[in-house]
Amino acid sequence: MAVTMASGSTSFGLYTNLRGVEKQPFSFSRVGVVGAFYGFDSVRRFGISHKGRLSSSVITLVPRASAATAVEDGSYRETDSIPTPKVIIDQDSDPNATVVEITFGNRLGALLDTMNALKNLGLNVVKANVYLDSSGKHNKFAITRVDTGRKVEDPELLEAIRLTIINNLLEYHPESSSQLAMGAAFGIEPPPQTVDVDIATRVNVYDDGPNRSLLYVEAADRPGLLVDLVKMITDINIAVESGEFDTEGLLAKAKFHVSYRGKAIIKPLQQVLANSLRYSLRRPSTEESSF
């Protein structure tokens with residue numbers, strides 16, 4: 001299922017706009033990040049092309065004073081009354097659609113507004129259901145692109161989906177603001193703590209058969225993170241395959257299937273990849289207009 005993605009600078013307008021940027025173009029990249037677009041080929045490998053520079057983001061997170069209270073084991077304290085919002089973007093479970101799952105304890109409604117927002121991004125909601133388990137109510141959508149009828153394969157559009165959902169959580173469930181990293185700039189109440197990036201950042205690479213490896217990344221959440229991760233990985237000539245990107249409160253957790261020249265990554269290159277990601281994530285860009 002080969003897909004050729006258009007290259008260049010891309011921006012998106014959100015259905016419900018983040019506070020302070022109403023109806024402005026919305027770009028999910030840092031200054032200097034090269035465009036990274038990926039699509040499945042016949043063996044479900046992402047093909048990465050780097051053409052042109054992405055536009056500077058029109059959104060700058062506003063720093064707020066708060067103490068870093070990351071626990072030494074990497075976990076973070078949260079209030080008893082407000083559950084941790086979770087947004088999962090899953091590229092693995094359905095070969096024909098991108099699966100998005102949203103959880104916020106038992107507080108979520110039917111989220112028809114979120115479905116409309118996804119449609120506004122040029123997406124079809126081909127399946128939607130709600131189920132309950134011990135962690136609360138889960139809203140689950142299977143989505144495809146309107147123009148191709150296929151799953152979403154552009155990292156910037158995947159990031160647009162993620163931030164659109166988070167924006168709707170902030171608007172319709174304002175109590176989620178204190179539990180989300182984006183609440184520091186766009187919510188009504190910032191998180192009571194910030195994340196210590198040195199403690200929060202975790203990178204591991206595992207063997208996953210003869211033809212691919214499994215990369216696991218955990219880091220402090222911020223807009224544009226998914227796009228930046230793909231850029232960092234492909235900068236060292238490693239191919240990114242299908243995976244999953246989870247937003248859990250202040251943290252982001254990513255699982256990518258990766259390979260080098262169609263084979264699993266050898267141990268020395270695994271170490272290079274892990275070290276490169278740890279360095280970049282622990283020392284984010286401080287350039288003007290960067291995230």
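# V217 and the sheet around it

Let me begin with one residue: setting aside everything up to four places away in sequence, V217 touches R202, V203, L229, A252, K253, A254, L277 and L281. I should say at once that this is a predicted model, and what follows should be heard with that in mind. V217 lies in strand β6, which covers residues 213-220. Is V217 buried or exposed? Its relative accessible area is 3%, and because the cut-off for buried is under 20%, V217 counts as buried. There is also a C-alpha to C-alpha distance to mention here, since V217 and V205 are twelve residues apart in sequence and 8.8 Å apart in space.

Let me step back to the chain that holds this residue. The chain has six helices and eight strands, and, read along the sequence, these follow the pattern β-β-α-β-β-α-α-α-β-β-α-β-β-α. Of the 291 residues in the chain, 51% are buried. If we take the contacts in the chain with a separation of 6 or more, residues 24 or more positions apart account for 67% of them.

Now to the sheet. In what order do the eight strands stand? They form an open sheet, with antiparallel pairing, that reads β3-β4-β2-β1-β7-β8-β6-β5. The edges are taken by β3, residues 123-133, and β5, residues 202-207, and because each of these has a single partner strand, one side of each is left without a neighbour in the sheet. On average, and with direction ignored, neighbouring strands of this sheet are turned by 15° against each other.

I will take a few of the pairings in turn, starting from the β3 edge. There β3 pairs with β4, residues 136-145, in the antiparallel sense over ten bridges, and within that pairing N124 has T144 in β4 as its bridge partner. Further along the sheet, β1 and β7 are joined in the antiparallel sense by five bridges, with K86 standing opposite E248 in β7. On the other side, β7 pairs with β8, residues 251-259, antiparallel again and over eight bridges, and here the bridge partner of A239 is S259 in β8. These two strands, β7 and β8, form a hairpin with two residues between them, and G249 in the turn has a positive phi of about 65°. How many of the ten residues of β7 are buried? The count is nine, so β7 is largely enclosed by the rest of the structure.

That brings me to the helices, beginning with α1. Helix α1, residues 112-120, lies across β2, β3 and β4, and runs at about 155° to β3. Helix α2, residues 155-172, also packs on the sheet, touching β1, β2, β3, β4 and β7, and its direction makes about 160° with that of β1. Which residues of α1 are buried? They are D113, T114, M115, A117 and L118, and these buried residues pack against β2, β3, β4 and α2. Just after α1, the residue G122 takes a positive phi of about 85°.

How do α1 and α2 meet, and at what crossing angle? Their axes come within 10 Å and cross at roughly 145°, and the crossing is right-handed. From α1 the contact is made by D113, T114, A117 and L118, and from α2 by I161, T164, I165, N168 and Y172. The residues of this contact divide into five nonpolar, three polar and one charged.

The other helix pair I want to show is α2 with α5, residues 225-234, whose axes come within 8 Å and cross at roughly 155°. That angle makes α2 roughly antiparallel to α5, and this crossing, too, is right-handed. Here P155, E156, L158, E159 and R162 in α2 meet L225, L226 and V227 in α5, and the residues of the contact divide into five nonpolar, no polar and three charged.

To close where I started, L229 is one of the residues that V217 touches, and the span 225-234 given for α5 takes us from that helix back to the buried valine in β6.

Key: Residues are numbered from 1 along each chain as its sequence is written. This is a predicted model: local features need pLDDT of at least 70, side-chain atom pairs count only at pLDDT 80 or more; totals for chains, interfaces and linings use all residues. Side-chain values use heavy atoms; hydrogens and water are left out. Two strands pair if DSSP finds at least two bridges between them. Helices (H or I, at least four residues) and strands (E, at least two) are DSSP runs, numbered from the N terminus. Axes are lines fitted to C-alpha atoms, for helices over the stretch in contact, and angles run from 0 to 180 degrees between N-to-C directions. Contact means heavy atoms within 4.5 Å. Buried means under 20% relative accessible area, exposed over 50%, partly exposed in between (1.4 Å probe, protein chains only). A crossing is left-handed if the near helix is turned anticlockwise from the far one by less than a right angle, and right-handed if clockwise. Ala, Val, Leu, Ile, Met, Phe, Trp, Tyr, Cys and Pro count as nonpolar, Asp, Glu, Lys and Arg as charged, and the others, Gly among them, as polar. Angles under 35 degrees count as roughly parallel, over 145 as roughly antiparallel, 65 to 115 as roughly perpendicular and the rest as oblique.
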